[in-house]
Amino acid sequence: MKKVLFVASECVPFIKTGGLADVVGSLPKYINKEEFDVRVMMPKYVSIPDKYKNQMQYKNHFYMDLAWRRQYVGILELVLDGVTFYFIDNEYYFNGDKPYGAIHEDIEKFAFFCKASLSALPVIDFRPDIIHCHDWQTGLIPVFLHDKFQQGEFYRGIKSIMTIHNLKFQGIYDKKTIKDVTALPDYYFTPDKLEAYGDANYLKGGIVYADYVTTVSDTYAQEIKMPFYGESLDGLMRARSNSLEGIVNGIDYNEYNPETDPFIIQHYNAKNFRKEKTKNKTALQQELGMEVNEKKFMIGVVSRLTDQKGLDLVDCVIEDICAPDTQLVVLGTGEAKYENLFRHYEWKYKDRVSANIYYNNERSHRIYASCDAFLMPSLFEPCGLSQLMSLRYGTVPIVRETGGLKDTVEPYNEYESTGTGFSFKNYNAHEMLATIRYAKSIYYDRRREWNKIIDRAMARDYSWNTSAKRYENLYYRL
């Protein structure tokens with residue numbers, strides 16, 4: 001029985017700010033329990049809902065040195081859906097209403113979390129064969145494993161994997177502070193290790209010292225070796241390319257299932273969507289106060305409203321997107337300029353634009369089930385989960401060919417009658433607009449072809465099963 005420990009800063013259903021939490025919450029459930037003992041370790045944030053905090057069992061506690069500070073480390077345990085979760089408790093670091101705050105606080109907080117996670121292992125009597133680290137918040141674990149913890153018999157031979165969910169976030173701060181917080185010797189602060197352009201970088205340390213590096217799609221694994229996507233670490237990614245692999249994320253097919261989804265008005269499946277799916281659309285139009293018309297082409301956007309998501313392209317041609325024969329439904333929060341852009345267009349075209357500037361899980365499910373098309377024109381997208389959800393619900397994705405979007409959406413080919421969505425290559429607003437118009441022409445003028453796209457989309461399997469097998473193979477290789 002191989003033992004694997006996931007260490008991450010967030011995890012569904014306890015706390016979530018992005019796709020990282022979905023992966024850490026879902027993947028362990030799908031890994032073969034007969035061959036792997038997979039457990040998860042994360043911080044015990046004060047903001048975790050009480051219904052989970054009340055189920056946690058106190059395991060043990062100890063005091064740990066973090067450079068010159070002496071800190072309390074509590075360990076709590078909770079078993080959920082057959083997976084054991086450990087929570088590292090320290091109210092000084094993990095209070096507040098959200099998991100991340102100012103970077104200078106986070107730098108110390110996650111140095112504490114990395115060291116505490118390793119120090120807790122003998123206390124809970126769990127010695128993993130592999131520690132699977134996620135994103136920069138856990139980047140110090142491979143470094144510490146290589147350094148202080150090598151002296152302990154218990155830790156010798158533990159392997160580490162570093163998974164990059166988004167290379168944009170790296171945990172960078174000045175060298176002096178990071179030396180002070182981590183108490184690592186000067187040896188580690190050179191350009192081939194933690195030092196990067198005069199500062200120190202947690203994620204870089206993790207990439208340098210991990211036994212293997214993965215990212216969340218094949219295309220993104222290739223892209224980050226190039227300067228445009230590499231966020232100043234492209235040279236390091238090229239250097240590590242022989243132990244770098246992209247494994248596309250999955251989604252939880254029980255939670256996102258149009259046949260059983262509790263949040264949608266009308267259940268449907270791949271056989272009966274032609275009759276049943278539009279009932280969700282008219283219900284949503286009613287709910288949002290838009291013109292109720294099942295024939296209108298409806299585009300959905302569920303996203304953080306930021307530049308990364310390609311919304312400057314939308315901004316450029318929004319007047320053309322919101323044509324009289326189209327409806328646009330947006331859900332999400334982010335930069336004020338985009339929040340206000342969509343609010344303004346809802347005010348201007350009340351019957352065809354709906355701006356929902358907040359996040360609501362129930363409404364997101366309804367948008368996936370109701371819309372005809374789903375727009376994701378990202379500048380870069382390590383994996384992306386929304387396009388997988390829209391494929392699952394038979395809502396045709398319109399995406400830019402980058403990262404996971406390129407790997408998971410096959411562009412429609414009218415000559416061969418293949419493809420599961422529509423895509424455009426260049427980061428260009430008019431190319432995006434042309435693709436939307438092309439999709440719309442298929443929807444209005446060649447409805448049978450449109451329905452066949454949906455047939456193929458709903459037949460694709462992007463559940464966790466496939467990805468879990470690839471992770472299992474990787475664990476065996478290590």
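Count the pieces of secondary structure in this predicted model and you get 18 helices and 18 strands. How compact is the chain that carries them? Its radius of gyration is 23 Å, close to the 23 Å that the globule rule gives for 478 residues, so the chain is as compact as a globular protein of that length. Laid along its principal axes, the C-alpha trace spans about 70 × 45 × 40 Å.

Now for what's inside and what's outside. Of the 478 residues, 61% count as buried. The accessible surface adds up to about 18900 Å², and carbon and sulfur atoms own 49% of that. Contacts reach a long way along the sequence, too: take those between residues at least 6 apart, and 72% of them join residues at least 24 apart.

Next, the charges. The chain has 60 positive and 64 negative ones, and the mean positions of the two sets are 2 Å apart. Side chains of opposite charge can pair when their charged atoms come close. Here, the structure holds 37 salt bridges, and a few of them are worth a visit.

Start with Lys29 and Asp252, whose side chains meet in a salt bridge at 3.5 Å, N to O. Lys29 sits in helix α1 (residues 19-30), while Asp252 belongs to the loop between β12 (244-246) and α10 (273-288), so this pair ties together parts that are 223 residues apart in sequence. Are the two partners buried or exposed? Lys29 is partly exposed, because its relative accessibility is 32%, whereas Asp252 comes in at 10% and so counts as buried.

A second bridge joins two strands. Lys59 pairs with Glu77, with 3.5 Å between the closest N and O atoms. Lys59 is in strand β3 (residues 57-66) and Glu77 in strand β4 (residues 69-80), so the parts being tied together are 18 residues apart in sequence. Lys59 is partly exposed, with a relative accessible area of 37%; Glu77, at 19%, falls under the 20% cut-off and therefore counts as buried.

For a third stop, look at Arg363 and Glu287, where the closest N and O atoms of the salt bridge are 2.7 Å apart. This one links distant parts of the chain, with Arg363 in helix α13 (residues 361-370) and Glu287 in helix α10, 76 residues apart. Arg363 counts as buried at 15% relative accessibility, and Glu287 is partly exposed at 36%.

Finally, some salt bridges share partners: they join Asp218, Glu245, Arg470 and Arg477 into one network.

Methods: Residues are numbered from 1 along each chain as its sequence is written. This is a predicted model: local features need pLDDT of at least 70, side-chain atom pairs count only at pLDDT 80 or more; totals for chains, interfaces and linings use all residues. Side-chain values use heavy atoms; hydrogens and water are left out. Helices (H or I, at least four residues) and strands (E, at least two) are DSSP runs, numbered from the N terminus. The radius of gyration is taken over C-alpha atoms; the globule rule is 2.2 Å times the number of residues to the power 0.38. Buried means under 20% relative accessible area, exposed over 50%, partly exposed in between (1.4 Å probe, protein chains only). Contact means heavy atoms within 4.5 Å. Accessible areas come from the Shrake-Rupley method with a 1.4 Å probe; for residues, only the protein chains shown count as cover. Lys and Arg count as positive and Asp and Glu as negative; His and the chain ends are not counted. The place of a charge is taken as NZ of Lys, CZ of Arg, CG of Asp or CD of Glu. A salt bridge is a side-chain nitrogen of Lys or Arg within 4 Å of a carboxyl oxygen of Asp or Glu.
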